[in-house]
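Me: I am new to this structure and would like a close look at a single part of it, followed by an account of how that part fits into the rest. Please take me through it step by step.

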Amino acid sequence: MKFFIDTANLKDIQDAVDLGVLDGVTTNPSLMAKEGIKGTDNVMAHYKQICEIVDGDVSAEVIAVDFAEMVREGEMLADLHPNIVVKVPMTRDGVKAIKYFSEKGIKTNCTLIFSAGQALLAAKAGATYVSPFVGRLDDIGHDGLLLVQQIVDIFSNYGYPTQVLAASVRHVPHLIQCAELGADVVTCPLNVITGLLKHPLTDNGLATFLADHKRVNS
């Protein structure tokens, strides 16, 4: 499984890189705004900075909602750096744009996936990734993990190369369950990834080892 970090915060990205387990980054306009990144030039420069830190795919989202503008924005983003993956919403024009980009050899991430049918359309159009939103489905009383399972099974049935990128992953159990279900990628905040480090028995065991070492060497 690949670990992507879902942020535009350069420090968090660098911390994840330093940990040695980061495979990529996903971003969106909301995450850019959270970091105070405003204006097209500043946003583009920020994407370049992320690509200089991360040796892996970096999803950069188009703002446009119509096909022609999606293509224009997507090509501009793709020209920034070879690691850029153009993030496109699951809409009619979005699917058309994914098909266009796939034929041009531009990698895509179809975002805002909330049904297996949407994921299937994106895969048929040639998406590199599809992003089912686990946590947001859970918020409205649906089973986000069940959707991940459905998509994994469908893609396996027909040999689609599109990767399942589990998004809106909010805590360690989400991540572990996505791994059990066979998701290719999980994207989440840094604290979810570092949460995998933690277990009280590990802490207690280390404290005991250190105390014993101090006792016999004092």
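In which helix does Arg72 lie?

Reply: Arg72 lies in helix H4. The model is a predicted one, and every value below is computed from it. Arg72 has a relative accessible area of 44%, so it counts as partly exposed, between the limits of 20% for buried and 50% for exposed. Its C-alpha atom is separated by 9.2 Å from that of Val62, a residue ten places away along the chain. Val62 is worth keeping in mind, as it is named again below among the contacts of Lys87.

Helix H4 is best approached through its aromatic residue Phe67. The structure as a whole holds six aromatic pairs. In one of them, the ring centres of Phe67 and Tyr100 are 6.2 Å apart and the ring planes stand at 90°; because an angle over 60 degrees counts as edge-to-face, the pair belongs to that class. The two partners come from distant parts of the chain: Phe67 is in helix H4, which covers residues 67-78, while Tyr100 is in helix H5, residues 92-103, and their positions lie 33 residues apart in the count along the chain. Phe67 is partly exposed, at 27% relative accessible area, and Tyr100 is also partly exposed, at 23%. By way of comparison, another edge-to-face pair is formed by Phe155 and Tyr160, with 5.7 Å from centre to centre and 70° between the planes. In that pair Phe155 is buried, with a relative accessible area of 5%, whereas Tyr160 is partly exposed at 22%.

Two further details concern Phe67. Ring pairs connect Phe67, Tyr100 and Phe101 into a cluster. In addition, Lys96 lies over the face of the Phe67 ring, at 5.1 Å from the ring centre.

The wider setting is the fold. The chain has eleven helices and eight strands. Eight strands form a closed barrel, in the order S1-S2-S3-S4-S5-S6-S7-S8, and their pairing is parallel. From one strand to the next, the twist averages 30°. Helix H5, which holds Tyr100, packs on the sheet and touches strand S4 (84-89) as well as S5; the direction of H5 makes about 155° with that of S4.

The pairing can be followed around the barrel. Strand S1 (residues 2-6) pairs in the parallel sense with strand S8 (residues 185-188) over four bridges, and Phe4 has Thr187 as its bridge partner in S8. Strand S1 also pairs in the parallel sense with strand S2 (residues 24-26), here over three bridges; the partner of Asp6 in S2 is Thr26. Elsewhere, strand S5 (residues 108-113) and strand S6 (residues 129-132) run parallel and are joined by three bridges. Asn109 stands opposite Tyr129 in S6.

Some of these residues meet again around Lys87, which is placed in strand S4. An unreviewed UniProt entry lists Lys87 under "active site". With a relative accessible area of 6%, Lys87 is under the 20% limit and therefore counts as buried. Leaving aside residues up to four places away in sequence, Lys87 touches Thr26, Thr27, Asn28, Ser59, Ala60, Glu61, Val62, Asn109 and Thr111. Thr26 is the bridge partner of Asp6, and Asn109 is the residue opposite Tyr129. Val62 is the residue used above to locate Arg72.

A contrasting location is that of Cys178, in helix H9 (residues 172-181). Cys178 is buried, with a relative accessible area of 0%. Cys178 and Phe67 are 111 residues apart in sequence, and their C-alpha atoms are 32 Å apart in space. With residues up to four places away in sequence again left out, Cys178 touches Met1, Val134, Leu145, Ala166, Val169 and Ala183.

Finally, the chain as a whole. The C-alpha trace spans about 75 × 40 × 30 Å along its principal axes. Of the 218 residues, 44% count as buried. Among contacts with a separation of 6 or more, 56% come from residues 24 or more positions apart; the ring pair of Phe67 and Tyr100, 33 residues apart, likewise links distant parts of the chain.

Terms used:
Residues are numbered from 1 along each chain as its sequence is written. This is a predicted model: local features need pLDDT of at least 70, side-chain atom pairs count only at pLDDT 80 or more; totals for chains, interfaces and linings use all residues. Side-chain values use heavy atoms; hydrogens and water are left out. Rings of Phe, Tyr and Trp (its six-membered ring) pair if their centres lie within 6.5 Å; planes under 30 degrees apart count as stacked, over 60 as edge-to-face and the rest as tilted. Helices (H or I, at least four residues) and strands (E, at least two) are DSSP runs, numbered from the N terminus. Buried means under 20% relative accessible area, exposed over 50%, partly exposed in between (1.4 Å probe, protein chains only). A charge sits over a ring if NZ of Lys or CZ of Arg is within 6 Å of the ring centre and within 35 degrees of the ring normal. Two strands pair if DSSP finds at least two bridges between them. Axes are lines fitted to C-alpha atoms, for helices over the stretch in contact, and angles run from 0 to 180 degrees between N-to-C directions. Contact means heavy atoms within 4.5 Å. UniProt positions are given in the numbering used here, feature names are shortened, and annotations may be inferred rather than shown by experiment.
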